[in-house]
Amino acid sequence: MKRALLFLPIIFFIGIAAVLASGLFKPADRTVRSALIGQQLPAFALPAIVPGQPGLASTDFGKGEPRLLNVFASWCAPCIAEAPILTRLKDAGVKIDGVAIRDTEAALQNFLARNGNPFERIGSDPQSTIQFALGSSGVPESFVIDARGRIAHQHVGDIKASDVPVILAAIEKAR
Amino acid sequence: MMRRLLLALMLLLAAPALADSSLPPAPDANRQLADPAKEAEAKKLMETLRCLVCQGQAISDSDAEMAGDMRALVRQRIAAGESGPQVRDWLIKRYGDYVSYDPPMSQITAPLWLAPLALLAIGALIASRSFKRKKR
């Protein structure tokens, strides 16, 4: 009995080492997701930033059809990678609105001219206020807002070509 | 060889990719509130809020743009009359307990709070037993 107890520390050590090693090979998911999924879109009203394109308010959502709310910025590199995919989603019939984080008119116009403009409306969020209200923790992020104005789905990071079916399915489900 | 040298030189000259916007920090990110009591309350809260893009740091310690905007949000809400715990609850409702370094007791966090007590109890037990043996 006593002899068996002598092995306890080494068994304990091996246990801890195994836990640490598994963390090395399979790091934990550090993505911060919004806790608002399934809830009503928070109220907001953002001014326009690009001439000829209206600003964005929470009242633009929940009018009987689902919409994709894309949180992006002209200074964000993954947003450039995402732009053609957004255009593809638009061509597939998805209504897309943008929230531009900490952006300037000139920079955003340049971004849209280079990468295409799939947005119906773009609201300017110079102090990330609406980003925090949405529970978003970076750019780009996309939210599917359902026909009744609830947040149905969140996509953290740029939408890749392989994510398109997931987004389209979420839009279909949000009708 | 020449090519490698050239590559190394080009690396030196390469401009770093910018991951920050060109807007200056929000005014309230680095400016204290006029009311010292409110500023103290805001500061106390900012020290317990996690920076979402630099997850090991509190927003009061971070120079990330998002941390600055979050400090501005905390100051603006407290200046508008909200209390520290109210602002904290507002953020927890959006990001979950993860955003706070002061997580409330729940089923998931219970081991965090209870494990030290359990370990202390075990230590006390071992200590009292070994002291008894010596007396004999």
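The paragraphs below go through a predicted model of two chains, beginning with chain A, moving on to chain B, and ending with the contact between them.

Chain A has 175 residues. Its secondary structure consists of six helices and seven strands. Read from the N terminus, the elements come in the order α-α-β-β-β-α-β-α-β-α-β-β-α. The chain therefore opens with two helices and closes with one helix, with strands and helices in between.

The overall dimensions of chain A can be given in two ways. Its C-alpha atoms fill a box of roughly 80 × 35 × 30 Å along the principal axes. Its radius of gyration is 22 Å, whereas a compact globule of 175 residues would have a value near 16 Å. Buried residues make up 38% of the chain. Of the contacts in chain A with a separation of 6 or more, 76% are between residues 24 or more positions apart.

Five strands of chain A form an open sheet. Their order across the sheet is β5-β4-β3-β6-β7, and the pairing is mixed. Which strands stand at the edges? They are β5 (122-125) and β7 (151-156) of chain A; each has a single partner strand, so one side of each is left without a neighbour in the sheet. On average, neighbouring strands of this sheet are turned by 20 degrees against each other, direction ignored.

Strand β6 of chain A, residues 141-145, is a useful place to look at the pairing. On one side, β6(A) pairs with strand β3 (residues 67-72) of chain A in the antiparallel sense, over five bridges. Two residue pairs can be picked out here. Leu68(A) has Val144(A) in β6(A) as its bridge partner, and Asn70(A) has Ser142(A).

The pairing of β6(A) with β7(A) is also antiparallel and runs over five bridges. Ser142(A) appears again in this pairing, with His155(A) in β7(A) as its bridge partner. Ser142(A) thus has a bridge partner in β7(A) as well as being the partner of Asn70(A). The two strands β6(A) and β7(A) form a hairpin, and five residues lie between them. In the turn, Gly149(A) has a positive phi of about 85 degrees.

Is β6(A) largely enclosed or open? Five of its five residues are buried, so β6(A) is largely enclosed by the rest of the structure. Both of its faces are covered. Glu141(A), Phe143(A) and Ile145(A) are buried on one side, and Ser142(A) and Val144(A) are buried on the other.

Another residue to find in the sheet is Asp97(A), in strand β4 (residues 96-101) of chain A. Why does Asp97(A) count as buried? The reason is that Asp97(A) has 23 C-beta neighbours inside 10 Å, and 20 or more are enough for a residue to be called buried. Leaving aside neighbours within four places in sequence, the residues in contact with Asp97(A) are Leu56(A), Asp60(A), Arg67(A), Leu69(A), Phe119(A), Glu120(A) and Arg121(A). Gly149(A), the turn residue of the hairpin, is 52 residues away from Asp97(A) along the chain, and their C-alpha atoms are separated by 14 Å.

Chain B has 136 residues, 22% of them buried. Chain B contains six helices and zero strands, in the pattern α-α-α-α-α-α along the sequence. Its C-alpha trace spans about 80 × 60 × 30 Å along the principal axes. The radius of gyration of chain B is 24 Å, against a value near 14 Å for a compact globule of 136 residues. Among contacts in chain B between residues at least 6 apart in sequence, 51% join residues at least 24 apart.

One helix pair in chain B can be followed in detail. Helix α3 (residues 36-46) and helix α5 (residues 84-95) of chain B pack at an angle of about 35 degrees, and their axes are 9 Å apart. The crossing of α3(B) and α5(B) is right-handed. From α3(B), the residues in this contact are Glu41(B), Lys44(B) and Leu45(B); from α5(B), they are Gly84(B), Val87(B) and Arg88(B). By type, these residues are two nonpolar, one polar and three charged.

Finally, the two chains touch each other. In this contact, 20 residues of chain A meet 21 residues of chain B. The residues on the chain A side comprise nine nonpolar, eight polar and three charged.

Conventions: Residues numbered from 1 in each chain as written. Chains lettered and ligands numbered in written order. Predicted model: local features only at pLDDT ≥ 70, side-chain atom pairs only at ≥ 80, totals over all residues. Contact = placed C-beta atoms within 7 Å. Nonpolar A, V, L, I, M, F, W, Y, C, P; charged D, E, K, R; others polar. Helix = DSSP H or I, 4+ residues; strand = E, 2+ residues; numbered from the N terminus. Rg over C-alpha atoms; globule rule 2.2 N^0.38 Å. Buried ≥ 20, exposed ≤ 12 C-beta atoms within 10 Å, placed from the backbone. Axes fitted to C-alpha atoms, helices over the stretch in contact; angles between N-to-C directions. Left-handed = near helix turned anticlockwise from the far one by under 90°. Pairing = 2+ DSSP bridges.
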